[in-house]
Amino acid sequence: MEGSLAARAKGEHFHTVTPLLESWALSQVAGTTVLLKCENVQPTGSFKIRGIGHFCQEVARKGCRHLVCASAFFPSFRTHGRGNAGMAAAYSARKLGIPVTIVLPEGTSLQVVRRLQGQGAEVQLTGKVWDEANLRAQELAKRDGWENVSPFNHPLIWEGHASLVQELKAELGTPPGAVVLSVGGGGLLAGVSAGLAEVGWQHVPIIAMETQGAHCFNAAVQAGRLVTLPDITSVARSLGAKTVVARALECTKEFEIFSEVVEDAEAVSAVQRFLDDERMLVEPACGASLAAIYSGLLQRLQAEGCLRPSLAPVVVIVCGGNSIDSRQLQALRAQLGQS
């Protein structure tokens, strides 16, 4: 068993090479070519499988016998990838043949619990919020042979996410004019930065998007140090880390990163417009990135001289679409006075 497990741990990665699609509609809005890196079509519905899959394979190779991950699934906007992290951990564990425990807050829906159990995960409900569930996960991870899977704060996670840029290099050949991504805990930002360095694209600007009320990265950039938000008040729950990882702030010293914040209403409006334009329903966390195009922010950065007036194609990372359905989108729009 141990030998076969080691063989699986060393096998092919668990993520897929995702499509890079030109969007005519977004290109018209932006006045330049916009390419969509469609991470919403990953096997687990988000980019998270890149980093978490890589992490799980590595710890399995080193002898991990049980994975544990705190996750949070909410029908709105606060937790960039925490819910996606649970799905990625459960999927990876099933591929590896390792038991996994996903710890969720008590209010998690039965539908989510069943989805995770369908991947073979044991599910525990603990506490009212992710932070309390995470404390339980950390306790469980003290058991012999158990390993805690962080949603975003580990070098192996960032290393896995860097594969996204390697795919861009293979398909584009030449550097894009900018990469637009959403920031929650900062794992995707750290991973994309690492990937840009690996392929020699350090000069490519990154537009790092957050929603107001889940803007821990922007708060850190403004203060020049890590800042812990008192609470997450944005509807973009997938963006809901109170404190960004230290590595994300370090990246601002090494790469050209523009930290931008949009209102919830702009992110939700972007989700609806993207659904109409591209027939894809994505999370409000992803809507924050799309709002960089739909709100005119990209053109503003060009007008201010932050970006070149004539841009090479701009890549928008469509990070995921797990924690949303049509009913929830309409509820969010009504909450924000858009319907």
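**Close-up 1. Helix 10 passes helix 11 in a right-handed crossing.** In this predicted model, helix 10 spans residues 216-223 and helix 11 spans residues 246-254. The two helices pack at an angle of about 50 degrees, and their axes are 10 Å apart. Since angles from 35 to 65 degrees fall outside the roughly parallel and roughly perpendicular classes, helix 10 and helix 11 are therefore described as oblique to each other. On the side of helix 10, the residues that take part in the meeting are Phe-217, Ala-220 and Val-221, and on the side of helix 11 they are Ala-248, Leu-249 and Thr-252.

**Close-up 2. The side chains of Arg-247 and Glu-254 meet in a salt bridge.** The N to O distance in this pair is 2.9 Å. Arg-247 has a relative accessible area of 21% and is therefore classed as partly exposed, since the buried class ends under 20%. Glu-254, with a relative accessible area of 47%, is likewise partly exposed, because the exposed class begins over 50%.

**Close-up 3. A salt bridge joins the side chains of Lys-37 and Glu-167.** The N to O distance is 2.6 Å, and both residues of the pair are buried. Lys-37 belongs to strand 2 (residues 34-38) whereas Glu-167 belongs to helix 8 (residues 163-172), so the contact between their side chains ties together parts that are 130 residues apart in sequence. Lys-37 and Glu-167 also belong to a network, made by salt bridges that share partners, in which Glu-39 and Arg-50 are the further members. Across the whole structure, a search finds 10 salt bridges.

**Close-up 4. Asp-144 and Arg-65 form a salt bridge between two loops.** The side chains of Asp-144 and Arg-65 meet with an N to O distance of 3.0 Å. Asp-144 lies in the loop between helix 6 (130-140) and strand 7 (146-148), and Arg-65 lies in the loop between helix 3 (48-61) and strand 3 (66-70), so this pair ties together parts that are 79 residues apart in sequence. Asp-144 counts as exposed, because its relative accessibility is 63% and the exposed class covers values over 50%.

**Close-up 5. Strand 9 and strand 11 run parallel and are joined by 6 bridges.** Strand 9 comprises residues 206-211, and strand 11 comprises residues 257-262. One of the paired positions is Ala-208, whose bridge partner in strand 11 is Ser-259. In strand 11, 5 of the 6 residues are buried, so this strand is largely enclosed by the rest of the structure.

**Close-up 6. Thr-32 lies in the loop between helix 2 (24-30) and strand 2.** With a relative accessible area of 12%, Thr-32 is buried, because the buried class covers values under 20%. When residues up to four places away in sequence are not counted, Thr-32 touches Ser-27, Leu-298, Leu-311, Ala-312 and Val-314.

**Close-up 7. Ala-72 is placed in the loop between strand 3 and strand 4 (77-78).** The relative accessibility of Ala-72 is 2%, so this residue counts as buried. Ala-72 and Leu-226 are 154 residues apart along the chain, and their C-alpha atoms are separated by 23 Å.

Note on methods
Residues are numbered from 1 along each chain as its sequence is written. This is a predicted model: local features need pLDDT of at least 70, side-chain atom pairs count only at pLDDT 80 or more; totals for chains, interfaces and linings use all residues. Side-chain values use heavy atoms; hydrogens and water are left out. A salt bridge is a side-chain nitrogen of Lys or Arg within 4 Å of a carboxyl oxygen of Asp or Glu. Helices (H or I, at least four residues) and strands (E, at least two) are DSSP runs, numbered from the N terminus. Buried means under 20% relative accessible area, exposed over 50%, partly exposed in between (1.4 Å probe, protein chains only). Two strands pair if DSSP finds at least two bridges between them. Contact means heavy atoms within 4.5 Å. Axes are lines fitted to C-alpha atoms, for helices over the stretch in contact, and angles run from 0 to 180 degrees between N-to-C directions. Angles under 35 degrees count as roughly parallel, over 145 as roughly antiparallel, 65 to 115 as roughly perpendicular and the rest as oblique. A crossing is left-handed if the near helix is turned anticlockwise from the far one by less than a right angle, and right-handed if clockwise.
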